Structures are given as C-alpha cells and as structure tokens.
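Q: Could you take me through the empty spaces in this protein, the closed ones as well as the open ones? I'd like to know what lines each of them.

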Amino acid sequence: MIFDQERLDRCISCGACLPACPTYSLTGDEAASPRGRISLMRALEGGALDESDETVYEQSAFCLGCRACEPVCPAGVEYGLLLEALRDQLWRGKRRPWQARLLMAVVRQPWIVGLQGLFRRHARRRTGSAPVSLMLGCVERGLYPRVSRALAKLVPQAHVASGQGCCGALHAHNGDSRRGAELALRLGERLPGTILTSAGGCAAHLAAHLGRSRVREFSEYLDETPLQLGRLRVDGRPARVALQDSCHLRNGLGVVAAPP
C-alpha cells in the first residue's frame, strides 16, 4: 500500500480546489490539479497505472506543494501528506533529482550545516531568559545569515543553541518523509521550549511532527508577543513595510491575519 486509503477516499472530486491551484490555473489541465493528481494516485494504488508512467512522475514534480487546495477543500483532504507519499514512492534512487540528493546529503549532518558559521555571520549561540529557541535553519544560515541576526536582535530573550541541524522539511518535500520526521524530532529534542523560525515551510513541517503548540513562525509570534520595534525609517524618512505571507504559513499553519 502506497497511500493511506482514508486520505484518498476523503476526496470527493468536487473541484473546489481547482481555482486555488496555481498549476491548474496556468495550464487548465485536469491532471495538473489536486483532484486530477489524486485520481492518478488512486490509479497508481489500484494498479491501473505503473510507477513508470510519465504523467504520474511529471505531475509529482510539477506540483508546487503549496497546499493552497487544503483550506478551500470542503472534505478536509490532507493533500500535502498525499503528495509526500507519492514522492516517497516515485522519487527513489536515481529518480530523485540529483540536486535534491546532494542538498539532502549535505544538510543531513548537523556538523556540516554548522560549518557555515565559520564563514557566514548568523546569530551566535547564547542562553536566553525566555522558553523560546531560535531556529537557525540549514539553508537560511548560509544564504541569508542576516535574518537570524535580526530575529535575535528583536527577541533578545530567545535561546540560540549550537549544533542545530536541518528540520527535515527539505527531505519530506523531496521523497524522504521518514528521514524528514526523524530530523524534526531530533531538532525538537535539541531546541527547548517554543521553536521560533522565520520560514513558513519549516514551521509547518515541525508543527506536524512536534505539535502546533511548540512552533511559531515569527510573524505570528510578533502578533502574540508585541515588541517595541519603534518606527522604521529609510534615509531618515518613515517607511512602510509590506508582508507577503508564505504559502505554508497560510495553508499549512492557518495564519492568515497576523500580524495586523
């Protein structure tokens, strides 16, 4: 069995997901919709289609995994989990893109991820006074180290632990959900209290494995814990800030109104 049958059966093929799906809106192709992909999953589960079928493999990769279909689904279909199960089955060995295989191998080991600290000035280790731990992120700390430094400055009471590894979202999204769950649990043991992150995808993945109460994306933490930020100025003039909520923050965590 590839899929959880109850999850497959929950889809009633009503089509409410179609307007919300970016790949369907782009192509108008039924196979490129959540409803169409679930039909392909059912055919794969029942043996009507083989794993080598190019349409099944193409649609497993073409889907963005944004989960925009989930909030609008009247039947509560857990499409994100179905997509992960599909990729677990199809993206094995050489069928997984080599770029994903390389990146997943690199971030699997915390000590390799930690080497970025030698070259990139992300937030440094410290013991905080609040039961909040700042997650540095595996890719973010190398590509965008100023993000964690900014968060550490805004939440000075947050704990910043050393030896942090990947949260596992990268693995879950690329056909290795078992490893993704293991890494999430490992990180949860490493970071005490509430885990604070700036990445919606990481937050949604951690919440699925550690519990929603243990995870906060920064924008919702900001809404729940007002900070004295002052007025933002650029070149001495008051500036406006625009917030783009990430797809996993909105669709995975259900945060749609914070911060106001």
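A: Let's start on the inside, keeping in mind that this is a predicted model. The largest cavity has 16 lining residues, and C11, C17, I38, C73 and V77 are the ones nearest its centre. It holds about 130 Å³ of space. Helix 3, which covers residues 34-46, makes the largest contribution to this lining, with three residues. Sort the lining of the largest cavity by class and you get 13 nonpolar residues, two polar ones and one charged one.

A search of the whole structure turns up two cavities of 30 Å³ or more, so there's one more closed space to visit. The second largest cavity contains about 80 Å³ of space. Its lining is made up of 14 residues, with C21, P22, P34, C63 and C66 closest to the centre. Helix 3 shows up here too: along with helix 2 (22-27), helix 3 gives at least two residues to the lining of the second largest cavity. By class, that lining splits into 10 nonpolar, two polar and two charged residues.

Now for the open spaces. The largest pocket comes in at about 960 Å³. Around it sit 28 lining residues, and those nearest the centre are F218, L222, L229, V241 and L243. Two of the helices that each bring at least two residues to this lining are helix 10 (145-154) and helix 14 (218-224). Of the elements involved, helix 10 gives the most, with five residues. As for chemistry, the lining of the largest pocket has 15 nonpolar, seven polar and six charged residues.

The second largest pocket has a volume of about 520 Å³. If you want to find its centre on screen, look for R67, G80, E84, H173 and H248, which lie nearest to it among the 24 lining residues. Four helices supply two or more residues each to this lining: helix 6 (79-90), helix 12 (177-190), helix 13 (200-210) and helix 15 (247-252). Helix 13 has the largest share, at six residues. The class breakdown for the second largest pocket is nine nonpolar, nine polar and six charged.

Put the linings side by side and here's the picture. The largest cavity has 13 nonpolar residues in its lining, and the second largest cavity has 10. In the pockets, the largest one has 15 nonpolar residues alongside six charged, while the second largest one has nine nonpolar and nine polar.

Conventions:
Residues are numbered from 1 along each chain as its sequence is written. This is a predicted model: local features need pLDDT of at least 70, side-chain atom pairs count only at pLDDT 80 or more; totals for chains, interfaces and linings use all residues. Side-chain values use heavy atoms; hydrogens and water are left out. On a 1 Å grid over the protein atoms alone, a cavity is a set of points where a 1.4 Å probe fits but cannot get out, and a pocket is an open set with protein on both sides within 12 Å along at least five of seven lines; lining residues have an atom within 4 Å of a point. Grid points are joined across faces, edges and corners, and a volume is the space filled by probe spheres set on the points. Ala, Val, Leu, Ile, Met, Phe, Trp, Tyr, Cys and Pro count as nonpolar, Asp, Glu, Lys and Arg as charged, and the others, Gly among them, as polar.
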